[in-house]
Amino acid sequence: MLNRRLLLSSIASMFCCPAAGTAMAAKPVPDGMRGTIDISGYGVGPDAAADQGKALSRLFEDAAQTGMPVFLPAGDYLLSGITLPDNLRLSGVPGRTRLTYAGGGGFLSGEGLERLTLSDLVLDGGGKELGDNAQGLLNLRGVANLAIENCTITGSPKHGINAEHCGGRIERNSISQSAAGGIYAVESENLSIAANTVFDCGNGGILVHRWEAAEDRTMVSGNRIFRIAAKDGGTGENGNGISIFRAANVMVTDNHVSDCAFSAIRANSATDVQIANNQCQRSGETAIYAEFGFQGALVTGNLIDGAANGILIVNFDEGGRLATVSNNIVRNLHIDGPYIHDGAGFGFGIAVEADTAVTGNVIENAPKWGLMLGWGPYMRNAVATGNLVRNAGGGCAVTVVEGSGTALIANNLFQDVRDGAILGYRWNEKVTGDLMTSGSEAFAHLTLSGNRLS
């Protein structure tokens, strides 16, 4: 009978095991077996003093045509004027493969591509001037399936990433020291912007814009954004951590945004926007804004600590309407803003105007008003229920101007409100005493019920 142990020993010997005491020599894997194109034949290598733009362009074209990925070893690669081809997959050593801009017009551009993947690279513009045709250090137009991941992008004289008409994902990148915005995504198509760190940018963090109002469907989630300036000034067009403009069906969730010159999150004419579960700290103006011609905004579960104003859902005069503002914490507001305000000013927690329910929020330390319902005649169907306001100048300011619509103010709790719990205003002028104690019957458009002052 065949001995089982002997059989196994015989099988093992068929695989050429070395004899006892003989070292097994490691055989190098041939370059052609590594799964990436061999860059040595293109005259490309790290730490060369000359601009390698032309050699890298040939390398990228050949790799894309053959379907081979390109891996660049650690080191510095000086380049300019590269047009990225379709189906390029380019990667390097995280933090150590540096593509630096030589100047002279453009850095990395791509247009009309079906697929492009860039990963584990450092892209350094050095602040050198870009040409008129490049709006970003990485300048992309019409990329259907874009993937930019785990890259460091710094020193752009314009935007860090300019992505027009792009879909796909921009994830886990570090973007800093852009003179304009960190990421400028315009006319996007199902784009995901997730888990990036964007900081020390001149005019904006993550911008999701459209030339004309339309469905966009971008998701902005899990990003960390801080120290965003407004070097070009203005009254809100610059200096925002996350800016949504004319883009519909956008989700802004689970981001951490701090130290922005204006808003942490600003949605202008952005219909059906969700702004949920974000941390907003030390905003120079209004922490969260839904403004101008929007219809539909859900603002929920956000924590705001430090701002001139907390949450504004406004501009019914421009068609802005339809929102819910729920379960937010708004605290530590101040009356000083980045410009002279010609309207309600600064220092209040939550302000809404039309077809909006404000419920379950906690507002603390608001020097002007905790809640503000309507502005002049611009109020319709405003509901404030179940909110807590403490340590405020006034608990709830509500418009009593002729022609204003209805408001329901019910079951709110007010504590340490110096001027009173519920006050009637004609624009900025207080014209009533505390309506919670007397006088509300003079205003047929107001319904007050179950409120408590402690």
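User: What volume does the largest cavity have?
Analyst: The largest cavity comes out at about 50 Å³. Keep in mind that this is a predicted model.

User: How many cavities of 30 Å³ or more turn up in the whole structure?
Analyst: One, from a search of the whole structure.

User: OK, and which residues line the largest cavity?
Analyst: The lining is made of W369, M372, L373, G374, W375, G376, A397, V398, T399, Y425, R426 and W427. By class, that lining has eight nonpolar, three polar and one charged residues.

User: Which strands supply at least two residues each there?
Analyst: β33 (362-373), β35 (388-399) and β38 (422-426).

User: Let's move to pockets. How much space lies in the largest pocket?
Analyst: About 730 Å³. Its lining has 35 residues, and Y289, E291, F292, V314 and N315 are the ones that lie nearest the centre of the pocket.

User: Which elements give two or more residues to that lining?
Analyst: β19 (240-248), β22 (265-268), β25 (286-291), β28 (309-313) and β31 do. The largest share, four residues, comes from β19.

User: And how does the lining of the largest pocket break down by class?
Analyst: You get 15 nonpolar, twelve polar and eight charged residues.

User: What about the second largest pocket, what's its volume?
Analyst: The second largest pocket has about 200 Å³. Of the 16 residues lining it, T83, S109, G110, N139 and R141 are the closest to its centre.

User: Which strands supply at least two residues each to the lining of the second largest pocket?
Analyst: β3 (82-83), β6 (108-119) and β8 (136-149). Here β6 gives the largest share, with four residues.

User: And the classes in the lining of the second largest pocket?
Analyst: Five nonpolar, nine polar and two charged residues make up that lining.

User: Switching topic: how many disulfides does a search of the whole structure find?
Analyst: Zero. C166, for one, is in no disulfide, and the nearest cysteine sulfur, which belongs to C151, is 15 Å away.

User: Is C166 buried or exposed?
Analyst: C166 is buried, because its relative accessible area is 0%, and the cut-off for buried is under 20%.

User: Which cysteine sulfur is nearest to C201?
Analyst: That of C260, which is 10 Å away, and C201 is in no disulfide. C201 has a relative accessibility of 3%, so it counts as buried.

User: One more residue, G345. Where is G345 found?
Analyst: G345 sits in the loop between β30 (329-333) and β31 (350-352). That second strand, β31, is also among the elements giving two or more residues to the lining of the largest pocket.

User: Buried or exposed, that G345?
Analyst: Buried: the relative accessible area of G345 is 13%, and buried means under 20%.

User: Which residues is G345 in contact with, leaving aside its neighbours within four places in sequence?
Analyst: N309 and K368. N309 falls in the range of β28 (309-313), while K368 falls in that of β33 (362-373).

User: How far apart in space are G345 and I335?
Analyst: They are 7.6 Å apart, C-alpha to C-alpha, and ten residues apart in sequence.

How values were computed: Residues numbered from 1 in each chain as written. Predicted model: local features only at pLDDT ≥ 70, side-chain atom pairs only at ≥ 80, totals over all residues. Heavy atoms only, no water. Buried < 20%, exposed > 50% of the residue type's maximum accessible area, 1.4 Å probe, protein only. Contact = heavy atoms within 4.5 Å. 1 Å grid on protein atoms, 1.4 Å probe; cavity = no way out; pocket = protein on both sides within 12 Å on 5 of 7 lines; lining within 4 Å. Points joined across faces, edges and corners; volume = space filled by probe spheres on them. Nonpolar A, V, L, I, M, F, W, Y, C, P; charged D, E, K, R; others polar. Disulfide = S-S within 2.5 Å.
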